[in-house]
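Thanks for coming. I will put one structure on the screen and talk through how its chains meet, and then through some charged pairs.

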Number of protein chains: 2
Amino acid sequence: MNLRNDAQQIIDSTIQAALPDTAVKKALEDTNFSEGRLILVSIGKAAWSMAKAASDLLGERINDGIVITKYDHSMGDLPHIRIFEAGHPVPDRNSFAATEQAIQLVTGLSANDNVLFLISGGGSALFEKPLIPEDMLEDLTKQLLACGADIVEMNTIRKRISAVKGGKFAKLCEPAQVFSVVLSDIIGDPLDMIASGPAYPDGSTCQQAWDIVNKYKLTVSEEIEALLNIETPSTLTNVTTKVTGSVTQLCVAAEKKCRELGYEPMILTASLNCQAREAGSFLGSIAKYYSNTDKSLAFILGGETVVHLKGKGLGGRNQELALGSAIGIAGLENTAVFSIGSDGTDGPTDAAGGYVDGNTVKAFSDHGMDVFKVLEENDAYHGLKACDGLIFTGPTGTNVNDLSVLLIKR
Amino acid sequence: MNLRNDAQQIIDSTIQAALPDTAVKKALEDTNFSEGRLILVSIGKAAWSMAKAASDLLGERINDGIVITKYDHSMGDLPHIRIFEAGHPVPDRNSFAATEQAIQLVTGLSANDNVLFLISGGGSALFEKPLIPEDMLEDLTKQLLACGADIVEMNTIRKRISAVKGGKFAKLCEPAQVFSVVLSDIIGDPLDMIASGPAYPDGSTCQQAWDIVNKYKLTVSEEIEALLNIETPSTLTNVTTKVTGSVTQLCVAAEKKCRELGYEPMILTASLNCQAREAGSFLGSIAKYYSNTDKSLAFILGGETVVHLKGKGLGGRNQELALGSAIGIAGLENTAVFSIGSDGTDGPTDAAGGYVDGNTVKAFSDHGMDVFKVLEENDAYHGLKACDGLIFTGPTGTNVNDLSVLLIKR
C-alpha cells in the first residue's frame, strides 16, 4: 500500500513519455515520407533533443538538416545536420542568419521531397527573418510593448513583417511536403501561437492588422504599411501537423501508468488554470466523496494553476496545490495527492512539486505547524520539507506544464 | 437541445427530493415499527413539515406526539400532536418547557413501544433542558464564547450540562426503540453535531471536558464540576438512525434526473468547500477536456463554496460559481453550468443561483460588460441579470446546501 511509491512510478513514466526524445519518436512512428529528399529543420529550446531523436530513428534517411536552438542548448554533433545557436528570448543576428540558412535548405525542393519540421517553445525568437530593417523592427516592437496590445494583437502584426511566421515558412517549402512535429508547451496547443506558427495556417487578416494600428495609434513606415496589406496564408495544402509531448499526452501517460498500477483512472482536465490552493481543495472534496469506494481510483489533472502571493514564504504552484488538498483528505486512509511541474522545477525552489496524504495534517501538527497558516504564508516548501512531502526530480529536459493526481487505493 | 430547460428540470426534481416532506416519506418507506405505542417527537426549524409528512403517512398509527419549532414556523394543527414554538437561535423558557413535555411523553414506555424522532437544523436551541440554573448557564455560555473555544470544545461542555444532548434523550426513551430521522443541513452529516445529537452516541469524554476547562481557565461552579464528571452515553442500543434530505441526496437526485434526460452523470463531490469562482473555473476546464466527447455528460457537485469579497457588487456564491465557469466554457457548443442554493436564496439576492453557457461571455460583451471585471466586482447578480442568467425558485422550504452541475449535451 505504498502510495508514495506509486506516485513516484507515475511521475517517472509520465515525464519519460513527455521527453522530447520519446515524444518525437512517438510522433514519427507511423510516418511514411515520400521517396525524395528528406530535409530536417528543428527550431526551439528543445531543437537539439528533437533532432537527435529524429536522427536516431531515421539515420541516413535524413539528407540534410539544421538545428536552431538557444545558446548552450546543443549537446554535440549530429550526422548531416548543421547546428546553430542564437538569441532567446530576444532574437539576434545569429537567429536571422540561421533562419536564412534554413530557408535556403528548403528552397528549390520538388514535390517528392520532404521537410521534417520540428518545433518547440522559444521558436518565435530563434526562428525569424524580418522583412524590415533591424532599427525599424526595434521601433515597432517598442511601440507594441508600450501600447498595451495583447499577445494575439502583437502576433497579428508580427506575422506580417516576418518572412517565416504565420504559415509563411511552409509556403517557402512548397511544393515539398512538410511534416510538422510540435512539442507543445502552451495549454490548449494553439498551433498558430507556438513559435508563431511557421507551418500553420494563419487566421488573422489585413483588416485586423490595420484595426490594431489604428486602435493603438501606432506609427508605421511605408515599408510596414505595404507588408500590412499582404494577407498571410489562410490555408496550407502541403503540411501535416502532429502535436506531441503536450500536457494532454502527459495526462494520457499518467492514465496509462495508473491503470498498470491497478487504479481506475479518470482524466478530469488537461487545461486546469484556477488557483493552485483551490484546485487542491477541490481534489480534497472529490477524495471525501469517494472515500468509501471499494475500487482504487485515480483522478488526473493537467494544466497550469496560479498562486496569489500573500505571504513571504517559499513554494510553487504544485506544492501549494498538493498542500491545498491536505485538509480535505486528512484522516482518509490510502489517499494521496501529488502535483509536479513537468520541467522538474516548481516556483523558485529546487523541488518539482509536492506530495500529501491522509497523515499530512497530523504530521504538520506534530512539527508544530498548521497547514492553513503555512498556506496563508505561501510557505508550502518549508512545510512539506519538514514532513518529507517534497518531490525532487532534477531538471527533466521537457516542459509541458503540470500534472496533479489524486490517488485512492483499495 | 434546450440546456436551460434541462437545467430547470434538474433543479425542480432535486429540490422536490430534498423537501422535508419527500425526505421524511422516503426515510419511512421501509420502516416497520414494533406493535406497541408510537410516539412522535419532532424538533428543529423543519419540525412541523417533517411531522406533517409522518402524520400523512402513518395517520392514526401515531398515538401521541410533539412538535418543537421556531416561532412562526408551525402551519396548523396535526392529529394527536401538540405543537410548541420556542426560541432560536437562543433557547428560551418555551424551549425548556416544551422539551420537558417531550421528556414526559417518552418516560415510562415499554420495550415494545417506539419513538419516532424527527430532527432538523436549529434543534440545539429548540430542544434543551439544562441541568443547571438559568443564570449559571448564562455565565458559562458567556465564558465559552469569550475564551475562543471552537464549536467541538463548546459542545463537549454543553452536552454534559444538558439533560437531552449528546445521546441523553435516547437514554431517556429506554427501553423503547428510537427511530431517528435526521434532515441534515451540515456538510458531511456529523450526527453528533446536528441538534447536538440527542439520539446519537457521544464520542467525547470527561477528561476532554476537564482539559477544555483548564485550557481556557473557565470558572465552574460545584454543580457544573459534578456534571463534568459524568460520562455521556458512548453507545446506544435502542436507536436506528436514518439521514435524509442531505446534500448527498440532493446530488443523487440530480444524478437520477440527469440520467433520465439522457446524460451520463457523475457526482464529483458532495462536500465542495473551495472558493466559488475557482470551482467554476475548475468546471470550465473539465468542460474543455470533454468538449469533443460524443456522449452527453453531467458533472455534479454538492457542497457550499465561499466568496472572497473584494468588490461592492451584488451576488451570491452560486452566481459567482456559475459565472466563474463562463470563460472556460466560452464558445463551447451545448455546454452549460448552473449552480443553486437549495433553499432558493443565493447571498443577499432574490435569485436562487446562476446559469451560464457557451454564449455567456459573448452576451456579456454585447451588453458592454466583461466577465472578469464583473467577477472582480463581485457583481455576478447584475451581470447575469442582463443576460437572463439568473435562476429564480422562490423559497423552497428546504436547506441542504448547494448544487452545481456542468452539462455537456450531444
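**Chain contact and salt bridges**

The contact takes 22 residues from chain B and 22 residues from chain A. Keep in mind throughout that this is a predicted model.

Let me start with the symmetry. Chain B is superposed on chain A by a rotation of 180°, with 0.1 Å of shift along the axis and an RMSD of 0.2 Å. The two copies are thus related as by a two-fold rotation axis. Which C-alpha of chain B is nearest the axis? That of Glu278(B), at 3.3 Å from it.

Now the surface itself. Of the interface residues of chain B, 100% are also interface residues in chain A, so the copies meet through the same surface. Between them, chain B and chain A bury about 2000 Å², with 61% of that on carbon and sulfur atoms. On the side of chain B, the residues that lose the most area to chain A are Glu278(B), Phe282(B) and Tyr289(B), together 31% of what that side buries. So Glu278(B) comes up twice: its C-alpha is the one in chain B nearest the axis, and Glu278(B) is among the residues of chain B that lose the most area.

What holds polar groups across this contact? The rule finds eight residue pairs in polar contact across the interface, both residues at pLDDT 80 or more. For salt bridges across the interface of chain B and chain A, the count is zero.

In terms of elements, three of chain B give two or more residues to the side that touches chain A: strand S7 (264-272), helix H12 (276-289) and strand S8 (297-303). H12(B) gives the most, with eight residues. By residue class, that side of chain B divides into 13 nonpolar, seven polar and two charged.

Next, the salt bridges in the structure as a whole. Side chains of opposite charge can pair when their charged atoms come close. A search over all chains finds 38 salt bridges. I will show a few.

The first on my list is in chain A, where the side chains of Glu128(A) and Lys165(A) meet at 3.2 Å, N to O. The two residues are 37 apart: Glu128(A) lies in the loop between helix H5 (123-126) and helix H6 (134-147), and Lys165(A) in the loop between helix H7 (151-160) and helix H8 (168-173). Are they buried or exposed? Both Glu128(A) and Lys165(A) are buried.

In chain B, Lys409(B) and Asp6(B) form a salt bridge at 2.6 Å, N to O. This pair links parts of the chain 403 residues apart, with Lys409(B) in the segment after strand S12 (402-408) and Asp6(B) in helix H1 (residues 3-18). Lys409(B) counts as buried at 16% relative accessibility, and Asp6(B) is buried with a relative accessible area of 5%.

Back to helix H12 of chain B, which also takes part in a salt bridge within its own chain: Arg277(B) in H12 and Glu376(B) in helix H16 (residues 371-376) are 99 residues apart, and their side chains meet at 2.8 Å, N to O. Here the two ends fall in separate classes, because the cut-off for buried is under 20%. Arg277(B), at 18% relative accessibility, counts as buried, whereas Glu376(B), at 28%, is partly exposed.

Last, a group in chain A: Lys159(A), Asp192(A) and Asp202(A) are linked in a network of salt bridges.

Technical notes
Residues are numbered from 1 along each chain as its sequence is written. Chains are lettered from A and ligands numbered from 1 in the order in which they are written. This is a predicted model: local features need pLDDT of at least 70, side-chain atom pairs count only at pLDDT 80 or more; totals for chains, interfaces and linings use all residues. Side-chain values use heavy atoms; hydrogens and water are left out. Copies are superposed by least squares on the C-alpha atoms of residues with pLDDT of at least 70 in both. Contact means heavy atoms within 4.5 Å. Buried area is the accessible area (1.4 Å probe) that two parts lose on being put together, summed over both. A salt bridge is a side-chain nitrogen of Lys or Arg within 4 Å of a carboxyl oxygen of Asp or Glu. A polar contact is a pair of N or O atoms within 3.5 Å; within protein, one must be able to donate a hydrogen and the other to accept it, and residues adjacent in sequence count only if both atoms are side-chain atoms. Helices (H or I, at least four residues) and strands (E, at least two) are DSSP runs, numbered from the N terminus. Ala, Val, Leu, Ile, Met, Phe, Trp, Tyr, Cys and Pro count as nonpolar, Asp, Glu, Lys and Arg as charged, and the others, Gly among them, as polar. Buried means under 20% relative accessible area, exposed over 50%, partly exposed in between (1.4 Å probe, protein chains only).
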